[in-house]
Amino acid sequence: MTPAEIALLAAWCAALSLFALAGGLLLSGIDRKLAAHMQARIGPPIRQPFIDTVKLLQKENVVPANAIPWLFSAAPVVALVSSVLVLFYIPVASTMPVLGAYGDLVLVMYLLTVPALALVAGGFASGSPYATIGAQREMVTMIAYEFPLAIVVIGVAWRLGAAGISHPFALQSIAANPVWSVTGPLGLAGVFILLVVLAAITPAELSRIPFDTQEAETELAGGLLVEYSGRNLAMFTLAQAAKTLVLAAVIVAVFFPWNLSSFLAMPGLLAQAADLLFFLLKAVLVLFFAVTLVRVAMARFRINELVSFYWVYLSVIGLAGIVLLMADVVAGPLAGVGV
Amino acid sequence: MSGESKKAPYRVPIGPNHPALKEPVMFTFEMEGEVVRDVDFAPGQAHRGIEWMGMRRNPVQIVHLTDRICGICGVVHSLSFSLAVEQIAGIEVPERADYIRTIVHEFERIQSHLLWAGVAAHELGFDSLLYLTWRVREEAMDVIENLTGNRVNYGIVQVGGVRRDIVPEQHAIIEKCLATYEGLLDTLLSFFLDDRTIRMRCRDVGVLSRKDAVELCTVGPTARASGVNVDLRQDYPYAAYGDLDVKAVLPDRYLGETHGDVYDRIVVRLLEVGQSCQIIRQCLSEMPAGPITAEEKLVKLLATCKKATGEGIGRVEAPRGECLHYVRMEGKDSPASWKVKASSYSNLMSWIPMLRGSQIADIPIIVASIDPCLSCTDRVAIVQDNRRSILTKDDLHRLSAEKTRRLQG
Amino acid sequence: MRGLPLVPELVRQLFRRPATNRFPAKYLPPSMRAFLRDVQAGRATANPPVPTPPKFRGKIAYDRDSCIGCMLCVRVCPAHAIEFLPDTKKIRVWVDQCIFCSQCTSICPKSCLSMTDAFLLAGEDRYAEDLIVE
């Protein structure tokens, strides 16, 4: 790469990071507003997460006496950096992933665990029993949802591969060839099941009710984050916001990759803007059904119920989806549909 | 995991301030993984010395102090204090006053149970249900405000009767509120009882066996949910309950079986909301005309109370169970002794069998399931030189013997 | 929805007006004091609070002229909020101590004490001028 290319890449990365933080905070604001309206409240203004973050950034950073200081302070940085980093590998609107050439969906899957691991490290380093329990629960949760997540990733990529698309794990090819378009009716059902599974994993990834056992306000008083304050807490909040956007972007990229500009002819810049707005709209819709509606309509799961939910129910459902996809590949040529 | 016994138990403190607790109490849990092995708790964090204040005031003033013992059962404490004083001074309460007392008392039960249901939902992480029940609860609060002049500290009961009459225009308001609740009750029952996640979190959680419930002297919905047929309104009727047909609400009458778990406690409390509506309706239709107080002139009432000597006990079925006031008057302005035993006092010990063996996640809902009211319960705190000390059984026995001797003179 | 009976209600609620009363403003103003100053100066409008019912027990009102100084109110006040002024044989009510039980208004032989429906009494100064009635 020439220095100019590197500079351009860096500029893109900086812009995307800003977009990750601002977009994430905006999405959390919309989530809070929608949840409030469903509960017959007015709720905070949509800009509230921005106000909160700015305020937190100005507050004192308290490190508890029996914490491990370097780990305690490093964890939020790692969480924030890794959450933002994921977005570089995911297509946003009509922009192809900036670092798409260097990583695929499997890398995204692994990068998504890094913020969670940082949270666990920070929780153990806090030296509080609540944070310790929270960290244990976060680990268990992570192990629980990792398997259904892998099922979804492999299922989608395998189907694309079976349809003869090269680099099926690369997000460019996934976004360029919507998985719905390569499947027959059986496969459509299978893809829909995988979408439901991925949506069901989202609340656990974002530690939202009903899968927020690691933070569980009424049980652990904030669990993992109980000892964090000031700038460190702000970084975790920002990481959480970025992760919200990232997860929405993953679901959008894998299942709803269509762009407005491919349907309507528009001049370049306008098309970009329209696509971005359309992307945000899709993200809001995805998050509404995957996170907001779920979190207001359910009670919190116990940790053992959470594990059995993911390992037993979701895994079985996900495998059923894969079986449908396989049946689709077998039946496709016979029925003359699909590829 | 095979090394179950090798795992070092660790301690988790919860309280006195914790988001799970709406009232200050200090728990220490000995945990094994996520499971509670043992539990100890220390109440007495909210002692305010109300009885001490009462000893320096006359009964007319104390009635308003009793209103403030609890933020939710305003009428319970004042009613039970008044019953005790009326017993000592030989005051006959007019019938109409008894009916008005009953009506306000039952409205209080409605709002208290709905408040509890909301808190229970919140402890489960189900905030939508909290907002919904508390919104519904406002209907009862509005009626109470209309009847008594205030939402929380009603100040409607006074020794000898009540301070405000229910006028015909208010019948319509009460009727409207009752109709709302009767229409909503099935929906509320369905929201709580048909919800898979609530069922999963509450069924067979925090089980209190019938035997434990009896042995630990639990009262109110906590006892009834374990299948113990106790209800002061049916067993020792006071106010207008003698004329009414009140039967204790037991979970097996609705579900056909008794588990004695958190789920059953939800059932009992929600059904009691419906029962209270029926009682209020019956009271409204049967309420006789007449005076609302035995002594309209407060100055005369003060004189009667001053002359009274003797001791009296007022017992009332509070939303949380039996509430008891003991008063002793010795011909002075203020009582010689006043003792409050709130309903939660009898229920606290049931925490220990309920919590043992449960998971961390169940602690909030189990603690909340007896609807603890610590500010009602905390009648004593021993602080010397800024240090708290714990009284053993022997200490307590010695102190009680001393106090009895002192009271006997 | 079987199993999750609340969902239809939540979705319905999404399209209804929230139940919250917007008092004094829809969102918390950046500075409440500045907002209240603006309201007083007529630069901003505050949404009204939930109305109080008739015979609400709010801030106490005192008709000084008809008071005969019998001290009965002092005798029944549970909060010791009423001070008797021996020089003028009148009383002074410390509203910060008052518990709004309305017992003094019931015992007053001249009915010179009454409860108004004012309830917005929160402040930072216990001895502020509007919290002393005499």
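# Strands, cores and a contact

Student: How many bridges join β2(C) to strand β3 of chain C?

Tutor: This is a predicted model, and in it β3 covers residues 90-94 of chain C. β2(C) and β3(C) run antiparallel. One bridge pairs Glu83(C) with Arg92(C), and another pairs Ile82(C) with Val93(C). The number of bridges joining the two strands is four.

Student: Which residue in the turn of the hairpin formed by β2(C) and β3(C) has a positive phi?

Tutor: The two strands of this hairpin have four residues between them. In that turn, a positive phi of about 60° belongs to Lys89(C).

Student: Why do β2 and β5 of chain C each have one side without a neighbour in the sheet?

Tutor: The sheet is open and has three strands, in the order β2-β3-β5, with antiparallel pairing. β2 (82-85) and β5 (132-133) stand at its edges, so one side of each is left without a neighbour because each has a single partner strand.

Student: Which helix gives the most residues to the largest nonpolar core?

Tutor: That core has 232 residues, and those that touch the most other members include Phe255(A) and Trp351(B). Leaving aside neighbours within four places in sequence, Trp351(B) is in contact with residues including Phe27(B), Phe41(B) and Leu374(B). The helix that gives the most to the core spans residues 230-255 of chain A and supplies 17 residues; it is α9.

Student: How many residues are in the other core, the one with Cys104(C) and Met115(C)?

Tutor: This core lies apart from the largest one. Leu131(C) and Val133(C) are also among its members. Its size is 21 residues.

Student: Which three residues supply 44% of the area that chain A buries against chain C?

Tutor: The contact takes 16 residues from chain A and 13 residues from chain C. The buried area is about 1200 Å², with 76% from carbon and sulfur atoms, and the count of salt bridges between the two chains is zero. No other three residues of chain A supply more of its share than Met38(A), Ala40(A) and Ile42(A).

Student: How far from Glu146(A) is the nearest side chain of opposite charge?

Tutor: Glu146(A) lies in helix α5 (residues 129-162) of chain A. Leaving aside neighbours within four places in sequence, Glu146(A) is in contact with Met109(A) and Thr113(A). Glu146(A) is buried yet has no salt bridge, and such a bridge needs a separation within 4 Å. The nearest side chain of opposite charge is Lys243(A), at 8.6 Å.

Key
Residues are numbered from 1 along each chain as its sequence is written. Chains are lettered from A and ligands numbered from 1 in the order in which they are written. This is a predicted model: local features need pLDDT of at least 70, side-chain atom pairs count only at pLDDT 80 or more; totals for chains, interfaces and linings use all residues. Side-chain values use heavy atoms; hydrogens and water are left out. Buried means under 20% relative accessible area, exposed over 50%, partly exposed in between (1.4 Å probe, protein chains only). Lys and Arg count as positive and Asp and Glu as negative; His and the chain ends are not counted. Contact means heavy atoms within 4.5 Å. Two strands pair if DSSP finds at least two bridges between them. A nonpolar core is a set of buried Ala, Val, Leu, Ile, Met, Phe, Trp, Tyr and Cys residues joined through side-chain atoms within 4.5 Å. Buried area is the accessible area (1.4 Å probe) that two parts lose on being put together, summed over both.
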